[in-house]
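Please look through the sequence and the three-dimensional structure shown below, and keep both in view while reading the paragraphs that follow.

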Amino acid sequence: MVTTQGAGTTNTWTQAYARRLRVTDLLVLVWVVFGVQIAYFGFDSQNVSIANNRNDLAIGYTAVSVVVILAWMVMLSLYDTRNYRVIGGGSGEYRQIVDCSVRLFGLVAIFAFLFKVELARGYILIALPLGVLVLLFSRWMWRQWLGVKRNLGEYTARVLLVGTEETALHFQRELARHPEEGYRVVAACIPGGVLGNRLTGTDVPIVGPITGALDALETSGADTVVVTGASELGPQGLRQLSWGLEAGQQHLIVAPSLTDIGGPRIKTRPVAGLPLIHVETPRYEGSKLVAKRTFDIVGSALMIAVLSPLLLVLALLVKASSPGPVLYKQERVGLNGDAFHMLKFRSMRNDADAELAALLASQGSSDRPLFKVANDPRVTTVGRTLRKHSLDEFPQLFNVLLGSMSLVGPRPQRDGEVALYDDAARRRLLLKPGMSGLWQVGGRSSLGWEDAIRLDLFYVENWSILGDIVILWRTFRAVLAPSAEEAH
């Protein structure tokens, strides 16, 4: 049974959510700006002189703070930081907050220079970064709340998929994997679709053929049409579909035949009336790689220095837990398929590698990629704790420092696993393997072969220094609060 909701459902929750953001943004800015003013000047009255002549005009810093707060709120609105298209997922919301804040204070600096306004530099230099940080934290808190609501099916766009059954199934699976993005599929229109049927293997009802998408939009209660394949509609059909939507209440999304492409690589440019999508080819050379190597050297050196007492304690625990060496060296496949020895604290009994083939054969998984042993009996008691918190991987900092690994990258794998690669999977060898990566924060040992390769390929195609920092932060959180499953 397909339920129906009013066309204004999305507008109702987006407007209510935007109002909440507006209130918390204002509270944050009042707290930060006036807090900086009081911390910097105290409660004494301070004036700002204009034109370098106190006899001309002088205004109090309280008035300046009020103007800064109001201007900041205006900039947050002008840059659409509360728009439903950017809230809840991705980095767009955070990026726009930083962008509008920097531009605001650039305008303040230009105004102060042109009109010779003597603003205290410390007041400005403290208020800007602190305001940005607290705004970002506030939005992050709201995002956690919104993610919980969206996992419960609330605060989401209700999606009607329009396209072939194959493309509709692909989008349904991907959107279902990420409910926090705020898109919930409620129905689908496919070529020759028969009312009452469902997409294969799902509970998504088919509400008619592609040509009946507008009628299906009303009967399904959807407020967003996602065209997963436009070939069946054609240019005229797609235009007619867009004309039939209610402005401001119903939305059209056209999905190109691109997957696992990061936003910064995609540019839309109209040419001769055609909305062409330009996709930048990923580059694995030049200044970007120099920056990544510099980031690896500095980051690994600092972490080794800070963690050296902990590394010593862990080494003593491993040595006392069972006979054998403290460090375990395992040959892995690195950049361009070259072999290297990856370092780990030994978490298994000595000579455990000799038992691997027999254990895989006993579990019937010797011919599968990602050679995993369920409930591995070779792991020591100390090793189990080290694996749970990924502490056994800390010696890989020396691999990073010496250049065979990176702080963030594809998962380092064995030669036997690489032998099972197809051409697509082999692209993951274009970058150095990482201590952490999307595979580490996206499921670790619970990931299947296809998912692990998909995440690695996404990273290889779209990596950036900023992305590396985000992954490292998420890794730090995962280490502090690990899942029930052990890292492999």
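In this predicted model, one helix meets another through a set of side-by-side residues that can be listed by name: V68, A71, W72, M75 and L76 belong to α2, and they meet I97, C100, S101, R103, L104 and F105 of α3. Helix α2 covers residues 61–78 and helix α3 covers residues 92–114, and their axes come within 9 Å and cross at roughly 135 degrees. The two helices are therefore described as oblique to each other, and the crossing in which α2 passes α3 is right-handed.

Between these two helices the chain runs through a loop, and D80 is found in that loop between α2 and α3. The backbone angle phi of D80 is near 55 degrees, which is a positive value in a residue other than glycine. Such a value deserves attention because most residues other than glycine have a negative phi. As for its surroundings, D80 has a relative accessible area of 42% and is therefore partly exposed, since that value falls between the 20% and 50% cut-offs.

A second residue of this kind is Y155, whose phi is likewise near 55 degrees, a positive value in a residue other than glycine. Y155 is placed in the loop between α4 (121–151) and β3. Is Y155 buried or exposed? With a relative accessible area of 17%, Y155 is buried, because buried means under 20%.

Following the chain from that loop brings the reader to strand β3, which spans residues 157–162 and in which six of the six residues are buried, so that the strand is largely enclosed by the rest of the structure. The side chains of β3 are divided between two directions: A157, V159 and L161 point one way, while R158, L160 and V162 point the other way, and all of them are buried.

Which strands does β3 join? Six bridges connect β3 to strand β4 (residues 183–189), and these two strands run parallel. Within this pairing, V159 stands opposite V185 in β4. To pass from β3 to β4, the chain crosses through helix α5 (residues 165–177), and this β-α-β crossover is right-handed. Four bridges join β3 to strand β5 (residues 224–227), again with the strands running parallel, and here L161 stands opposite V226 in β5. As a general point, strands of a sheet pair through backbone hydrogen bonds, either parallel or antiparallel.

These pairings belong to an open sheet of four strands, which has the order β4-β3-β5-β6 and parallel pairing. The edge strands are β4 and β6 (251–254), each of which pairs on one side only. From one strand to the next, the twist averages 30 degrees. Helix α6 (residues 213–220) packs on this sheet, where it touches β3, β4 and β5, and the direction of α6 makes about 150 degrees with that of β3.

Two other places in the model bring together residues that are separated along the chain. One of them involves L310, which lies in helix α8 (residues 287–321) and counts as partly exposed at 34% relative accessibility. The C-alpha atoms of L310 and L391 are separated by 9.6 Å, although these residues are 81 residues apart along the chain. The other place involves G337, which is found in the loop between β9 (327–333) and β10 (339–345) and counts as partly exposed at 36% relative accessibility. G337 and K432 are 95 residues apart in sequence, and from C-alpha to C-alpha they are 9.6 Å apart in space.

The view can now be widened to the protein chain as a whole, which has 15 helices and twelve strands. Of its 488 residues, 42% count as buried. Among the contacts in the protein chain with a separation of 6 or more, residues 24 or more positions apart account for 71%.

Definitions and conventions:
Residues numbered from 1 in each chain as written. Predicted model: local features only at pLDDT ≥ 70, side-chain atom pairs only at ≥ 80, totals over all residues. Heavy atoms only, no water. Buried < 20%, exposed > 50% of the residue type's maximum accessible area, 1.4 Å probe, protein only. Pairing = 2+ DSSP bridges. Right-handed = clockwise from strand over helix to strand, strands pointing away. Axes fitted to C-alpha atoms, helices over the stretch in contact; angles between N-to-C directions. Parallel < 35°, antiparallel > 145°, perpendicular 65-115°, else oblique. Left-handed = near helix turned anticlockwise from the far one by under 90°. Contact = heavy atoms within 4.5 Å.
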